[in-house]
Amino acid sequence: LTHPGTQGTVPQAFALAHHGTFYCLTFVWGLSDACGVAGITTFAAANSYYSYLAISAGTDRSLCVLDFNVAKAVHTIPHAQARPVHRVRLNVGAPHAAAPAASFNLFFTAAVGDGVCLWDVRAGTRAVRRFCGHVDRAHAVGLDFSPCGRYVATGSEDRRAYVYDLRNSSVCVARLGGHPDVVTDIAYHPLRPELLTACADGSLRIFTP
């Protein structure tokens, strides 16, 4: 069975009949063959606009840039961080934010004890910048890319959320306190200037400029 946009047969590909469900499985892609990884820790793809690229992270600490047009890995970054990456974030943009075109080549990764790394799919196997002002020694805290493509926000074990400027990894533009426990995850609102944080005590908070 060939996958649309590919040349030849896609390994392990098979189709399922549509049995009244919204989705049907069209093919299975074994990344152990494509990237040589034993397992996948996290995965990210841009679904708000057309993009054929996706990023996967492996248990062997590698990153793999996947091209779904040709059903193969086009770029592999071995030993991307000191520990396996637990979160990958792409710039997916937003209708109200005019992000520079080059910013859609960027993506972030996070690993416990090794901070947040900024990568450029055009820049080889080394991170462009590293953001380490927050605390992530034991918890897999979340992160998010701002819709405007200028900032990255991350949770932290010191009960605060951190917002960094992409242009200067040493600059933390905001430290958002008031949390009673570890800030485990964080997300930008795609339409409004709001930042949502999740705390280990089960509470959520919304921050506005």
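**Notebook: hairpin, sheet and cores**

I began at the hairpin and noted that Tyr164 has Cys172 in S12 as its bridge partner. I am working from a predicted model, in which local features need pLDDT of at least 70 and side-chain atom pairs count only at pLDDT 80 or more, while totals for chains, interfaces and linings use all residues. Residues are numbered from 1 along each chain as its sequence is written, and side-chain values use heavy atoms, with hydrogens and water left out.

I then looked up the two strands themselves: S11 (residues 161-165) and S12 (residues 168-176) pair in the antiparallel sense over five bridges, where pairing requires that DSSP finds at least two bridges between two strands. Two residues form the hairpin connection from S11 to S12. Strands here are DSSP runs (E, at least two residues), as helices are (H or I, at least four), and both are numbered from the N terminus.

Next I followed the sheet outward, and found an open sheet of four strands in the order S9-S10-S11-S12, with antiparallel pairing. Strand S9 (143-145) and S12 stand at the edges with a single partner strand each, so one side of each has no neighbour in the sheet. On average, neighbouring strands of this sheet are turned by 25 degrees against each other, direction ignored; the axes are lines fitted to C-alpha atoms, and angles run from 0 to 180 degrees between N-to-C directions.

I turned to the interior, taking a nonpolar core as buried Ala, Val, Leu, Ile, Met, Phe, Trp, Tyr and Cys residues joined through side-chain atoms within 4.5 Å, with buried meaning under 20% relative accessible area (1.4 Å probe, protein chains only). The largest such core has 14 residues, of which Ile55, Leu63, Val88, Leu90, Phe107 and Trp119 touch the most other members. At least two residues of this core come from each of S2 (53-58), S3 (63-67), S5 (87-90) and S7 (116-120). I also recorded a second, separate core of 13 residues, including Leu106, Phe108, Ala110 and Val152.

Leaving out residues up to four places away in sequence, Leu90 touches Ala44, Ala45, Ala46, Ile55, Leu106, Phe107 and Phe145, contact meaning heavy atoms within 4.5 Å.

For the whole protein, I noted one helix and 15 strands, with buried residues making up 44% of the 209 residues.

How values were computed:
Buried means under 20% relative accessible area, exposed over 50%, partly exposed in between (1.4 Å probe, protein chains only).
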